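Work through the exercises below with the sequence and the model at hand. Each task is followed by a solution in steps.

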Amino acid sequence: MAFDIEMIKAVYERMPARVEAARKLVGRPLTLTEKILYSHLWEGTPTQTFERGKSYVDFAPDRVAMQDATAQMALLQFMQAGRPKVAVPSTVHCDHLIEAKVSSATDLAVAVDKNKEVYDFLSSVSDKYGIGFWKAGAGIIHQVVIENYAFPGGMMIGTDSHTVNAGGLGMIAIGVGGADACDVMAGLAWELKFPKLIGVKLTGKLNGWTSAKDVILKVAGILTVKGGTGAVVEYFGEGVTSMSATGKGTIANMGAEIGATTSTFGYDESMARYLAATGRADVAELANGIKEYLTADPEVYADPATYFDQVIEIDLDTLEPHLNGPFTPDLATPISQMKELAEKNGWPTKVEVGLIGSCTNSSYEDISRAASLAKQVAAKGLKTKAEYTITPGSEQVRYTIERDGFIDTFESIGGKVFSNACGPCIGQWARAGAEKGEKNTIVHSFNRNFAKRADGNPNTYAFVASPELVTALAIAGDLTFNPLTDYLTNEAGEKVKLDPPKGDELPTKGFAVEDAGYQAPAEDGSSVVVKVSPTSDRLQLLEPFTPWEGTDLKGLKLLIKAKGKCTTDHISMAGPWLKYRGHLDNISNNMLIGALNYFNEKTDKVKNQLTGEYGPVPATQRAYKAAGIGSIVVGDQNYGEGSSREHAAMEPRHLGVRAVLVKSFARIHETNLKKQGMLALTFANEADYDKIQENDSIDINGLADFAPGKPLEIVLNHEDGSSDTIVANHSYNDQQIEWFKAGGALNIIRASVGK
């Protein structure tokens with residue numbers, strides 16, 4: 001039986017009536033996205049309609065999922081909320097703190113020893129508050145969720161941007177910061193601006209070398225890293241129904257890279273097959289009973305332009321395998337054009353490492369198709385030219401592919417199997433020689449390829465592709481190799497061609513596992529003690545942030561004017577910093593160290609206006625805080641794109657930054673700033689970004705009348721005595737303004753418990 005089956009039954013029992021009520025209110029057929037959203041309103045049965053992209057709406061998610069790096073801060077906040085148990089089913093997954101270095105067993109043993117304090121904390125706090133706990137080695141959160149918890153028509157939030165992976169099973173699954181998770185676990189409503197809708201119609205059928213990964217790589221090229229911001233992407237058409245559920249998950253997963261709120265697909269037979277194969281035939285049976293409510297109304301897909309804000313159509317019959325990159329996941333190149341573009345741009349064409357797996361591409365289908373290529377190495381007398389690594393998504397997948405001989409196949413071509421964890425995808429890769437900073441190329445089936453992300457080397461050119469294409473390029477050792485047309489020379493000097501990959505959607509002998517890694521919480525956790533040592537450098541209990549002082553903010557120092565792409569990786573790096581995710585003060589020492597200073601084109605080197613000297617960003621900000629002076633951060637377009645990590649908001653808040661003023665925000669980061677009681681502002685005129693000078697002292701006026709839709713005034717006081725007055729917009733509603741005034745949303749929760 002599935003986890004939380006009674007909750008799923010309740011969702012399905014109330015869904016038809018709520019959808020019918022919403023359809024009557026809206027007065028037209030509904031998309032799948034609208035059906036799920038309207039059936040998860042906090043108020044229950046819908047009584048009003050909402051405007052896409054404008055209305056703030058309170059929702060009631062069915063469940064919460066947290067990975068270990070973000071769960072630490074989320075649960076430290078939840079502990080302050082005063083609730084005895086989580087209000088909705090919730091889980092913690094230990095996947096981020098395992099470094100890929102030697103091999104699966106060795107690396108896991110090292111991680112369990114090194115992170116014992118954190119794992120013990122997460123285990124005990126889960127035990128106390130009724131949270132399901134997945135031990136280190138159990139797998140990557142998103143793969144474990146789709147195998148065990150995701151269900152068609154449900155709504156979940158998770159403290160990781162790739163929570164959207166569960167969209168592959170027809171959920172509305174959304175990445176959030178820990179404060180949002182804390183709210184939902186505490187039994188409060190979760191607020192989201194009602195999203196716009198992008199429809200993607202897939203015609204034809206995947207064939208040959210093309211995979212589901214190529215669909216999202218193509219979409220990323222069309223929409224760019226911010227084209228999906230504020231929108232849900234709903235896929236439909238014959239190309240969708242002919243695709244596996246895990247293929248849909250791959251597409252949904254990488255929707256985070258276009259800024260999409262989430263992506264989803266209508267319930268179909270592939271989802272029913274996957275549910276049954278993963279021990280959830282009971283969920284499939286329930287879904288079959290209301291399947292007309294788990295997809296859009298027929299009129300929607302017949303005339304999508306009428307119902308979606310934007311429609312994209314892709315013909316899978318003609319879709320070509322893609323390589324996206326380097327340094328950004330939306331630079332999409334069909335494999336047939338890579339040779340020309342690599343030569344034009346001076347990209348290194350020798351492939352040093354090919355890496356497959358991750359939460360994006362570690363299904364049984366993915367692995368089996370890659371293995372079909374690995375088998376050809378020996379069969380065709382070839383030798384793999386690049387290093388090759390495999391990162392299984394879960395212990396269930398790993399155990400099954402080992403049973404079916406795929407691991408032996410990979411090892412026969414020199415492949416190295418890492419732990420069931422995030423590993424290289426998030427910078428947890430101890431890559432030998434990366435510290436030399438040499439220019440090189442890697443290809444991987446992950447989702448992100450920002451500079452320094454995988455191995456810390458800014459000169460590693462990382463390209464994103466399907467596991468099949470990654471495997472082919474690793475065999476060839478050449479970025480420009482096109483397996484559709486090109487031949488390889490084998491060890492005997494013969495010309496040979498790789499056959500197209502083949503694999504099974506699901507294991508013919510079924511999934512198998514000895515120990516999936518799950519630990520159920522105590523029935524009554526009231527006696528469980530959660531201990532945090534006051535001398536720990538890994539964990540630190542939280543202190544409430546101070547409320548707004550009730551006045552305009554005067555004399556703020558410019559901390560940094562960030563130039564160009566500034567992701568959450570730039571604001572709060574992962575890699576070696578992951579160990580401090582539960583200690584706010586220690587991890588604050590990485591604040592904005594990756595952001596490029598506009599005034600000197602350097603990272604982690606800003607001017608301290610108190611001394612006139614240049615130094616690290618965190619140290620400069622600590623100097624301002626010690627002097628009782630607030631500061632402001634200025635940024636460019638899509639500021640805070642990438643991970644959901646709320647540390648990128650909490651660190652500036654902790655160190656005394658009062659406001660972030662940018663051209664535009666990524667959705668999750670803007671929300672995280674609001675939750676922590678900071679001002680998240682945008683230039684009314686983007687050209688005003690150019691007016692910010694290095695030695696500016698900045699005033700923010702109008703806070704006494706802070707109100708939704710009412711801009712604030714920013715005065716830039718320049719060093720020469722002159723000044724510029726500019727206008728800053730914001731998207732705060734009444735509730736979010738209360739968060740600001742209270743010093744953060746958690747302060748309001750804490751106060752309500754005390755009443």
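**Exercise 1. Span of a helix**

What span should the 13 residues of helix 3 have at 1.5 Å a residue, and how far apart are its end C-alpha atoms?

Solution. The structure is a predicted model. The expected span is 1.5 Å times one less than the number of residues. For the 13 residues of helix 3 this gives 18 Å, and the end C-alpha atoms are 18 Å apart, so the two values agree.

**Exercise 2. Surroundings and ends of helix 3**

Determine how many residues of helix 3 are buried, and describe what lies at its ends.

Solution. Step 1: a residue counts as buried under 20% relative accessible area. Eleven of the 13 residues of helix 3 meet this, so the helix is largely enclosed by the rest of the structure. The buried residues include Asp68, Ala69, Thr70 and Phe78.

Step 2: at the N-terminal end, glutamine 67 acts as a cap, with a side-chain oxygen 2.8 Å from the backbone nitrogen of alanine 69.

Step 3: after the helix comes glycine 82, which has a positive phi near 80 degrees.

**Exercise 3. Glutamine 72**

Is glutamine 72 buried or exposed, and which backbone atom does its side chain reach?

Solution. Step 1: glutamine 72 belongs to helix 3, residues 68-80. Its relative accessible area is 0%, so it is buried.

Step 2: the side chain of glutamine 72 reaches the backbone nitrogen of glycine 582 at a distance of 3.0 Å.

Step 3: leaving out residues up to four places away in sequence, glutamine 72 touches Leu97, Val118, Phe121, Leu122, Arg538, Leu539, Arg581 and Gly582.

**Exercise 4. Isoleucine 413**

Place isoleucine 413 in the chain, classify its accessibility and list its contacts.

Solution. Step 1: isoleucine 413 sits in the loop that runs from helix 18 (406-412) to strand 16 (416-417).

Step 2: its relative accessibility is 12%, so isoleucine 413 counts as buried.

Step 3: beyond neighbours within four places in sequence, isoleucine 413 has contacts with Ala374, Val377, Thr384 and Tyr388.

**Exercise 5. Backbone geometry in loops**

Compare threonine 224 with asparagine 638 in phi and accessibility, then find the omega of the bond between glycine 325 and proline 326.

Solution. Step 1: threonine 224, in the loop between helix 8 (212-223) and strand 9 (231-236), has a positive phi near 70 degrees although it is not glycine. At 33% relative accessibility, threonine 224 is partly exposed.

Step 2: asparagine 638 lies between strand 25 (631-635) and helix 23 (647-655), in a loop. Its phi is also positive, near 55 degrees, and at 4% relative accessible area asparagine 638 is buried.

Step 3: omega between glycine 325 and proline 326 is about 5 degrees, a cis peptide bond. Proline 326 is in the loop between strand 12 (322-324) and strand 13 (332-334).

**Exercise 6. Cavities**

How many cavities of 30 Å³ or more does a search of the whole structure find, and what lines the largest cavity?

Solution. Step 1: the search finds nine such cavities. The largest cavity has a volume of about 210 Å³.

Step 2: 21 residues line the largest cavity, and those nearest its centre are Ala256, Gly259, Gly642, Ala666 and Ile668. Helix 24 (residues 667-675) gives the most to this lining, with three residues.

Step 3: the lining of the largest cavity divides into seven nonpolar, ten polar and four charged residues.

Key. Residues numbered from 1 in each chain as written. Heavy atoms only, no water. Helix = DSSP H or I, 4+ residues; strand = E, 2+ residues; numbered from the N terminus. Buried < 20%, exposed > 50% of the residue type's maximum accessible area, 1.4 Å probe, protein only. Contact = heavy atoms within 4.5 Å. 1 Å grid on protein atoms, 1.4 Å probe; cavity = no way out; pocket = protein on both sides within 12 Å on 5 of 7 lines; lining within 4 Å. Points joined across faces, edges and corners; volume = space filled by probe spheres on them. Nonpolar A, V, L, I, M, F, W, Y, C, P; charged D, E, K, R; others polar. Polar contact = N/O pair within 3.5 Å; in protein donor to acceptor, adjacent residues only side chain to side chain.
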